Amino acid sequence: MITKKITVIPGDGIGPEVTSSAIRVLDEVASSCGCRFEYQEVPAGGVAIDTCGKALPEETLEAAKASDAVLLGAVGGPKWDGLSGDNRPEAALLGLRKGLGLYANLRLAVLFPQLKDASPLKNELVENGVDIMIVRELTGGIYFGERGLAPSDGTLENGTAKGLEAFDVERYSEAEIDRILKVGFTLAMQRKKNLIVVDKANILETSRLWRKRTAEISKEYPEVSVEFMYVDNASMQLLRRPSSMDVIVTSNMFGDILSDEAGMITGSIGMLPSASLGDPGKPGMYEPVHGSAPDIAGKDMANPLATILSCAMMLRSSLGLPEAADKVEQAVRNVLAAGYRTADIAQGSEEVLGTKAMTEKVLKELRKL
Ligand code: NAD
């Protein structure tokens, strides 16, 4: 029997509720695919500040590094809002990304046809559903480039003194581009084999290097059709023809913006899973896109589906169990098709289920598959 080690970081707010739902789903699917999951629960975020004095205790990072995958709920909350930068719960996320070498952020924006009324887009644009995987480079580019702020002694054409001048440098090496492109191509191979590389190659030198490397790397993936799209056009096409998009790969800043836009199309933050990956064979980190939702924490109101769908990504990308991933996704689809809803995705007079009841519905569907 295959045994996989999963580090569980429940975190704060609704984090413990949604991760415990996800573990029940993982256990259910494990029993049907002849494997076993060993969980080690460790603190991070606000709860770790309270119990260990820091957002990311060393033991937590060590446990994460020694596992096959990490499942994270969410961190943060009003209790810790007054703390400064490095001492805040969110510092745990940056520490985990850095410590695990997670350079690829995968956000899956799926609009299930049953939830199309929750989308802000017109029904005719989303009636075939939306299923877009956005791959964002996470550790390079302008967010990590050289930056500065200094007085400038220059003037504008009309003689006005420039005053202070700030700069942020976008810099990408071929090695950084290649490894994120490979993540994009690999995902395209697992999906519909369509890859869109989003850039601003009409202006940026970095984008032109991305295009050059794409032409080279694409030779290793002859089945994948590649389209280049300027970021301004991509932001329009996401709203015009989201159903025709499959995998998008892009730089840190463009991915940051486009993944929020794509997420919005799906209507509910409670449905959006994500993964952060490093080199193949190293543990990836899987978490819902939403935060700790302090307003509903402890009330059995959180939608557990984003975390459950994050586990499907984990099964596929880190645990080598694609059939188990398919089962989890199918169980979620079946639950939605049967009309079960948590408060965040319910419309009109639909019956509303709590976190636990929704989890039970997913488990019941899984047992039938
Ligand atoms: P949030 O995502 O926690 O909540 C935004 C709104 O969405 C709230 O009304 C909340 O009730 C609702 N919501 C979120 N998840 C839901 C779910 N699963 N089911 C139903 N409704 C859900 O964002 P926020 O309010 O801006 O942030 C709250 C805290 O979470 C802050 O401390 C923030 O820093 C932190 N945060 C953490 C992460 C993370 O851990 N990755 C991400 C974002 C925000």
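The structure holds 24 salt bridges. The model is predicted, and every value below is computed from its atoms. Side chains of opposite charge can pair when their charged atoms come close.

One of the salt bridges joins Asp81 and Arg88, whose closest N and O atoms are 3.5 Å apart. Asp81 has a relative accessible area of 44%, so the residue counts as partly exposed, since buried means under 20% and exposed over 50%. Arg88, at 23%, is also classed as partly exposed. The two do not stand alone: Asp81, Arg88 and Glu90 are linked in a network of salt bridges.

Another salt bridge runs between Asp256 and Arg136, with 3.7 Å between the closest N and O atoms. Asp256 belongs to helix α9 (residues 252–265) and Arg136 to strand β5, so this contact ties together parts that are 120 residues apart in sequence. The partners fall into separate accessibility classes: Asp256 is partly exposed, with a relative accessible area of 24%, whereas Arg136 is buried at 12%.

A third example is the salt bridge in which the side chains of Arg213 and Asp178 meet, at 2.8 Å from N to O. Here two helices are connected, since Arg213 lies in α7 and Asp178 in α6, and the pair links distant parts of the chain, 35 residues apart. Arg213 has a relative accessible area of 17%, which makes it buried. Asp178 is buried as well, at 15%.

Helices α6 and α7 come up again among the aromatic contacts. A pair of aromatic rings is described by the distance of the centres and the angle of the planes. A search of the whole structure finds two aromatic pairs. In one of them, the ring centres of Tyr172 and Trp210 are 5.4 Å apart and the planes stand at 85 degrees, so the arrangement is edge-to-face. Tyr172 sits in the loop between β7 (161–168) and α6, while Trp210 is in helix α7 (residues 205–217), so that distant parts of the chain, 38 residues apart, are linked. Both rings belong to buried residues: Tyr172 has a relative accessible area of 6%, and Trp210 has 3%.

The other pair, Phe185 with Tyr221, is stacked, with 4.8 Å from centre to centre and 15 degrees between the planes. Phe185 is in helix α6, and Tyr221 is in the loop between α7 and β9 (225–230); the two are 36 residues apart, and this pair too links distant parts of the chain. Phe185 and Tyr221 are both buried.

Rings also meet charged side chains. Arg179 lies over the face of Tyr103, 3.9 Å from the ring centre. Lys200 is placed over the face of Tyr230, at 5.9 Å from the ring centre.

The remaining topic is the open space in the model. Rolling a probe the size of a water molecule over the atoms shows where empty space is left. The largest pocket contains about 490 Å³ of space. Its lining is made up of 26 residues, and those nearest the centre are Leu108, Asp131, Arg191, Arg316 and Glu329. At least two lining residues come from each of β4 (104–111), β5 (130–137), α6 (174–190), α10 (305–317) and α11 (322–337). Strand β5 is also where Arg136, the partner of Asp256, is found. Sorted by class, the lining of the largest pocket has 14 nonpolar, five polar and seven charged residues.

The second largest pocket holds about 420 Å³ of space. It is lined by 22 residues, with Leu277, Gly278, Asp279, Pro280 and Ser317 nearest its centre. The elements that give two or more residues to this lining are α6 and β12 (284–288). Of these, α6 gives the most, with six residues. The lining of the second largest pocket divides into eight nonpolar, eight polar and six charged residues.

Helix α6 therefore recurs across these descriptions: Asp178 in α6 pairs with Arg213, Phe185 in α6 stacks with Tyr221, and α6 supplies residues to the lining of the largest pocket and of the second largest pocket.

How values were computed. Residues are numbered from 1 along each chain as its sequence is written. This is a predicted model: local features need pLDDT of at least 70, side-chain atom pairs count only at pLDDT 80 or more; totals for chains, interfaces and linings use all residues. Side-chain values use heavy atoms; hydrogens and water are left out. On a 1 Å grid over the protein atoms alone, a cavity is a set of points where a 1.4 Å probe fits but cannot get out, and a pocket is an open set with protein on both sides within 12 Å along at least five of seven lines; lining residues have an atom within 4 Å of a point. Grid points are joined across faces, edges and corners, and a volume is the space filled by probe spheres set on the points. Helices (H or I, at least four residues) and strands (E, at least two) are DSSP runs, numbered from the N terminus. Ala, Val, Leu, Ile, Met, Phe, Trp, Tyr, Cys and Pro count as nonpolar, Asp, Glu, Lys and Arg as charged, and the others, Gly among them, as polar. Rings of Phe, Tyr and Trp (its six-membered ring) pair if their centres lie within 6.5 Å; planes under 30 degrees apart count as stacked, over 60 as edge-to-face and the rest as tilted. Buried means under 20% relative accessible area, exposed over 50%, partly exposed in between (1.4 Å probe, protein chains only). A charge sits over a ring if NZ of Lys or CZ of Arg is within 6 Å of the ring centre and within 35 degrees of the ring normal. A salt bridge is a side-chain nitrogen of Lys or Arg within 4 Å of a carboxyl oxygen of Asp or Glu.
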